[in-house]
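Me: I have a chain open on my screen and want to talk it through. Can you take my questions as they come?

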Amino acid sequence: MKRILTSLFGVFCVLGLLAEDVQFRAQAPNRVIAGKPFQLTYTINQRARDLQPPEFNGFDYLAGPYTSQSSSTSFVNGKRSSTFTLTYTYTLMGLDPGDFTIGPASITCDGQKYTSNGVRITVLPPDQNAQPSNQSSQSGQSGSTGSTSSTSSARSGDIFVRTVVTKTNVYEQEALQVSYRLYVAGVDFAQMGNTIKLPEFTGFLKQELELGDRQFELEHYNNRNYQAVTLVSYLLYPQHAGDLKIEPAQFEAILREQVRRQSRSIFDDFFGTYENVSRSLTAPATTIHVKALPNGKPANFSGGVGQFTLTPSISTTDLQANDAVTLTIDIKGSGNMKLLKTPSVDWPEGFEPYDPKVTNNYKTTASGYSGSKTIEYLAIPRAAGQYTIPALSFSYFDIQSGQYKTLSTPEYTLNVRRAPGQAANEGEAQTYTAVNKENIKELGTDIRYINPNMPPVNNRVASSALSIKALLFLDLIVLVLAMLIYIIFRRYMRENADASHMRYKRASKVAQKRLKLAQTLLTGDNSAFYAEIEKAAFSYLSDRLRIPTAELTKDNIADLLRQKGVDNALIDQVTEVLSTAEFARYAPTSGSEKQALYDATVNIINLLENQKI
């Protein structure tokens, strides 16, 4: 009976773990265009039934649900693992522009009901007859618009870069964000080129913002929908008043354009041949109007511009002499926190202060640095008595009200008791403040803090000699380490100065990142998958062969690989991968074909790495 109960308990535990592992998720594009179909999918990693979809308010239901399932089993180090995925797909269409929320769906798995997440979708207006982008320029809250500086086979305005600024009217030291955003529509964009020329941002203190994993997203601009992505973004702090001009920025884009050549196969006749073409894109200049900070700055103005709060605290107000007391102020808010000056504390006579400890905990946002700055002031009173720590004040300029504001701590009174064994002051203990320092009396002894356990003089001399030898030896080690660091640093600088060599060294890592993105698209859009495969292969070959991407073709790739002694069989594999990726973008394919192409691309890159081209 005990064995049966143990078995049943184990079964229930396994079922409980399986139930906890059930994942039921809803996925849909964040942005869609009104009048164009899109797909909403529900996936669950266990066998389930009775899907109950929510109301599709604001959307037209076109078809679905279409059901598909997949499973796989693998053995790693003798351990078997398997996965299962059940997918329900709905085809919907946005009716009117706006922001809409599709509520969660429910499904039944092993007799238990599970609920998915909801999805929020922004429906953009459809395209209209927009003016070409090189005929318009905007600034201010919506930024500025740039256009290509050379003509292309597509109509004007299909690819351009905007200069987008969060605000153009600011005070000195008030943060603003400038971003360079790429817009693409109607052209076959391959990748950004190597040529980037950014302005000097004269008159500004700049801080580059981390953008993380940059992904294209739909954006409606100038009556047209584009695929847009932010290329680079900076946080700027104007350093003086006046009209400060941000000069134009230059970027290079690589496009894929179709050309007709003498056909070599039926595929060439049907699809033609594609070449990489370089396009120069100019993001226009913009002007920032900077207002001077008004007159009447407080004497304790810290240089802070933004919005801040101050929270003070003290470790204790009742302590013994020679014990430490810590005064802490916590400045929170947003603005130029990195430039804030540390306020000073006017400690009373008889206190031994230490340098304040500053802890910064903030992040960069469009309004500047946002977070907190914590300052800890530590001091040790050496004599008994009653002391007053005066109020500490902190002034800044409030950009919302346009006025200076002052924040203060309270005045703290400390009661310091005589430490055990400490000689008493002459007379009664006095009251000490930072203002009336003449009342402080010295202790009744003229020599203090003598250690009675100090070793004899001869021992101290011998110890000092040993210490000097140890210090000389330590200095020698530091000198050797400094020389080694200098040699390594010089070598590193020489290598980094050669941009072509650095791209050659990092070619494999860049290609691996591309392939990871392509792997996530194996079950998604065919065109995006094959485009990433092409980019991975062309980028790798461009860096390894040390020629610009725009000059790469399948023919000169084969010639260059032969010159480097690569086997003809491997060259044929490279050509086949490039051709397959190019043709498959325009022909229906299956999941197995995509996986085979992905594996082949990984294989040729590994083989080329082994050959050290």
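Me: Let's start with Ile102. What does Ile102 touch, leaving out residues up to four places away in sequence?
Reply: Ile102 touches Leu40, Tyr42, Pro54, Phe56, Phe59, Leu92, Gly118, Val119 and Ile121. Bear in mind that this is a predicted model.

Me: Is Ile102 buried or exposed?
Reply: Ile102 counts as buried, because its relative accessibility is 0%. The cut-off for buried is under 20% relative accessible area.

Me: Which strand is Ile102 in?
Reply: Ile102 sits in strand E7, residues 98-102.

Me: And Gly118 from that contact list, how far is Gly118 from Ile102 in space?
Reply: The C-alpha atoms of Ile102 and Gly118 lie 5.6 Å apart. In sequence the two are 16 residues apart.

Me: What does E7 pair with over five bridges?
Reply: E7 pairs with strand E10, residues 119-124, in the antiparallel sense. Within this pairing, Phe100 stands opposite Ile121 in E10. Ile121 is also one of the residues that Ile102 touches.

Me: What is the strand order in that sheet?
Reply: The order is E2-E10-E7, in an open sheet of three strands with mixed pairing. E7 and strand E2 (31-33) are at the edges with a single partner strand each, so each has one side without a neighbour in the sheet. On average, neighbouring strands here are turned by 35 degrees against each other, direction ignored.

Me: New spot. Where is Ser106?
Reply: Ser106 is in strand E8, which covers residues 106-109.

Me: Buried or exposed?
Reply: Ser106 counts as buried, because its relative accessibility is 14%.

Me: What does Ser106 touch, again without the residues up to four places away?
Reply: Ser106 touches Phe24, Asp50, Leu51, Gln52, Lys113, Tyr114 and Thr115.

Me: Which sheet holds E8?
Reply: E8 belongs to an open sheet of three strands, ordered E4-E8-E9, with antiparallel pairing. Strand E4 (49-52) and strand E9 (112-115) stand at the edges. Each of these has a single partner strand, so one side of each lacks a neighbour in the sheet. The average turn between neighbouring strands is 25 degrees, direction ignored.

Me: How many bridges join E8 to E9?
Reply: Four, and the two strands run antiparallel. Cys109 stands opposite Gln112 in E9.

Me: What holds strands like these together in general?
Reply: Strands of a sheet pair through backbone hydrogen bonds, either parallel or antiparallel.

Me: Any other pairings I should look at?
Reply: Try strand E23, residues 301-314, which pairs with E25 over nine bridges in the antiparallel sense. There, Gly306 has Gly335 in E25 as its bridge partner. E25 is also joined to strand E28, residues 368-381, by 11 bridges, again antiparallel. In E28, Gly371 is the bridge partner of Gly333.

Me: What about helices? Which residues of H7 are buried?
Reply: Helix H7 spans residues 554-563, and its buried residues are Lys554, Ile557, Ala558 and Leu561. Viewed down the axis of H7, they fall within an arc of 95 degrees, so they line one face of the helix.

Me: Why would spacing like that give one face?
Reply: An α-helix has 3.6 residues a turn, so residues three or four places apart point the same way.

Me: What follows H7?
Reply: Gly565 follows H7, with a positive phi near 80 degrees.

Me: Which asparagine between E17 and E18 has an odd backbone?
Reply: Asn222 is in the loop between strand E17 (217-221) and strand E18 (224-238). Its phi is positive, about 55 degrees, although Asn222 is not a glycine.
Reply: Asn322 also has a positive phi, near 75 degrees. Asn322 lies in the loop between strand E24 (318-320) and strand E25 (325-335). With a relative accessible area of 31%, Asn322 is partly exposed.

Me: Where is there a cis peptide bond?
Reply: A cis peptide bond joins Gly64 and Pro65, with omega about 5 degrees. Pro65 is in strand E5, residues 59-76.

Me: Last one, the whole chain. How many helices and strands?
Reply: Nine helices and 33 strands. The chain has 613 residues, and 39% of them count as buried. Its accessible surface comes to about 34800 Å², with 51% belonging to carbon and sulfur atoms. Of the contacts between residues at least 6 apart in sequence, 71% join residues at least 24 apart.

How values were computed:
Residues numbered from 1 in each chain as written. Predicted model: local features only at pLDDT ≥ 70, side-chain atom pairs only at ≥ 80, totals over all residues. Heavy atoms only, no water. Buried < 20%, exposed > 50% of the residue type's maximum accessible area, 1.4 Å probe, protein only. Contact = heavy atoms within 4.5 Å. Areas by Shrake-Rupley, 256 points an atom, 1.4 Å probe, with all protein chains shown as cover. Arc of directions from axis to C-beta. Pairing = 2+ DSSP bridges. Axes fitted to C-alpha atoms, helices over the stretch in contact; angles between N-to-C directions.
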